[in-house]
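Reader: I would like to learn how to read a model like this one. Where should we start?

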Amino acid sequence: MKITNANVNITSPGRNFVTLKVETDEGIYGLGDGTLNGRELAVASYLSDHLIPCLIGRDPFQTEDIWQYFYRGAYWRRGPVTMAAIGAIDMALWDIKGKAFNTPLYNLLGGKSREGVMVYAHANGKDIDHALEDVAKHKEMGYKAIRVQSGVPGISSTYGVPKGPGRYEPAERGLPSEYEWATEPYLHHVPKLFARAREEFGDDLHLLHDCHHRLTPIEAGRLGKELEPFHLFWIEDPTPAELQDGFRVIREHTTTPIAVGEVFNSIWDAHDLIRNQWIDYLRMTITHGGGITALKKAADFAALYHVRTGFHGATDLSPVCMAAALHVDTAIHNFGIQEHMPHSDETDVVFPHHYMFKDGFMFPGNAPGLGVDLDEKLAAKYPYQRAYLPVNRKLDGALTDW
Ligand code: GCO
Ligand code: MG
């Protein structure tokens, strides 16, 4: 089989997505997600201008060699743009392989290690009462695990909480908006939120929380320690992770499990975190981490150190990436949990898919390959719209991590 053509589709059914379609001389095509929130066009250009010309004519079954060709062969390694582009190609090639063998992707990755993939939902509210109402709603929908974020008194905008009505969506159309941040009110507030959550929902529901890179290691240690009575499933991104050593400080102070990795684009970003057992869950994204080939290796490496997976599954990853994650989740032994932030109806019809949700679990479906398609005619009705993630400032105006 030979790759005859590849093209990049940019569409915005509710939000922007970058999708790579790779075609072959046998009429089989594969899809890959290359969406990088707020930087979509850079990945599209990297693919169209630099990678696709080198892809034409290759055998799509050579997933390992093609991955190495674009990673090692570029001389310039890593970075979110490069790795999202490689991730899109890798995903599309595995999709072709599954279709060619007429089998769902998980069968090519080791088969089924489990029947269903436990997912966590997002619940949020402008204050504790509203956040807990949303938890009740998601529990009613069948979720066994729920991430809880609530507005913080004294801070006008909080990560994870929509500004108006409607579902939370991190990217906003137009130029970046500015959010506000203060650590002390947040640290006072979060233990109260989870005390109430345990009081109302008992011990069985898994509760999660995302700190979204905002604390120093010692502040994260304090938060983790104060949350211990409420036994969270994890706290996520307690501190920015460029300094992997920072997590040693957190570990010295708390037994609350830690999840990190949605912004990583290489296993090297997590190398010290994993081999020192400073984290419990690796949250890399199949797209941004370089695709299925790279993530399967990352998961196997993490397994040696009792680190499980909790792959990123926000709405800024397309249904193509969601499907890829569900196939990997189904196949690997050290799966932990999968994030599930449902796409809008507009997005779902542009990307018809076989994966499904039932009673707190998701299933990749049994269609060959990834089991996701792209309705190109419909996609063309939603042209790209400039959108950015917000930036964040402390109360004195200093820029801080969003
Ligand atoms: C999560 C994430 C997202 C990110 C988003 C950025 O845990 O799902 O933190 O909500 O903010 O993916 O593009
Ligand atoms: Mg997160």
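**Reading the ligand and metal sites**

Author: Start with a contact: in this predicted model, a polar side-chain atom of His-312 sits 3.0 Å from an oxygen atom of ligand 1.

Reader: Which other side chains have an N or O atom facing an oxygen atom of ligand 1?

Author: A polar contact here is a pair of N or O atoms within 3.5 Å. Asp-210 has a side-chain N or O atom 3.0 Å from an oxygen atom of ligand 1. For Glu-339 the corresponding distance is 2.4 Å.

Reader: How much of ligand 1 does the protein bury?

Author: Take the area of the ligand by itself, then ask what share the protein covers. Ligand 1 alone exposes 340 Å², and the protein buries 95% of that.

Reader: Which residues come nearest to ligand 1, and what classes make up its shell?

Author: There are 16 residues around ligand 1, and Asn-37, His-212, Glu-262, Asp-316 and Glu-339 come nearest. Sorted by class, the shell has seven charged, five nonpolar and four polar residues.

Reader: Now the metal. Which residues coordinate the magnesium ion (ligand 2)?

Author: For a metal, list the donor atoms and their distances. Asp-210 (OD), Glu-236 (OE) and Glu-262 (OE) coordinate the magnesium ion (ligand 2), at 1.9 to 2.2 Å. Water is not among the atoms, so sites may look incomplete.

Reader: What spacing do these donors follow along the chain?

Author: The donors of the magnesium ion (ligand 2) are spaced as D-x25-E-x25-E. Asp-210 in strand 8 (residues 206-210) and Glu-236 in strand 9 (residues 234-236) are 26 residues apart, and the pair links distant parts of the chain.

Reader: Are Asp-210 and Glu-236 buried or exposed?

Author: Both Asp-210 and Glu-236 are buried.

Reader: Why does His-288 count as buried?

Author: The cut-off is relative accessible area: buried means under 20%. His-288 has 8% relative accessibility, so it counts as buried. His-288 lies in the loop between strand 11 (281-282) and helix 9 (292-303), and its side chain reaches the backbone oxygen of Thr-35 at 2.7 Å.

Reader: What does the radius of gyration say about the whole chain?

Author: Compare the value with that expected for a compact globule. With 402 residues, such a globule would have a radius of gyration near 21 Å; the protein chain has 20 Å, which agrees. The C-alpha trace spans about 60 × 45 × 45 Å along its principal axes.

Reader: How many helices and strands are there, and what share of the residues is buried?

Author: The protein chain has 12 helices and 18 strands. Of its 402 residues, 57% count as buried.

Methods. Residues numbered from 1 in each chain as written. Chains lettered and ligands numbered in written order. Predicted model: local features only at pLDDT ≥ 70, side-chain atom pairs only at ≥ 80, totals over all residues. Heavy atoms only, no water. Donors = N, O, S within 2.8 Å, 3.2 Å for Na, K, Ca; no water. Helix = DSSP H or I, 4+ residues; strand = E, 2+ residues; numbered from the N terminus. Buried < 20%, exposed > 50% of the residue type's maximum accessible area, 1.4 Å probe, protein only. Near = heavy atom within 4 Å. Polar contact = N/O pair within 3.5 Å; in protein donor to acceptor, adjacent residues only side chain to side chain. Areas by Shrake-Rupley, 256 points an atom, 1.4 Å probe, with all protein chains shown as cover. Nonpolar A, V, L, I, M, F, W, Y, C, P; charged D, E, K, R; others polar. Rg over C-alpha atoms; globule rule 2.2 N^0.38 Å.
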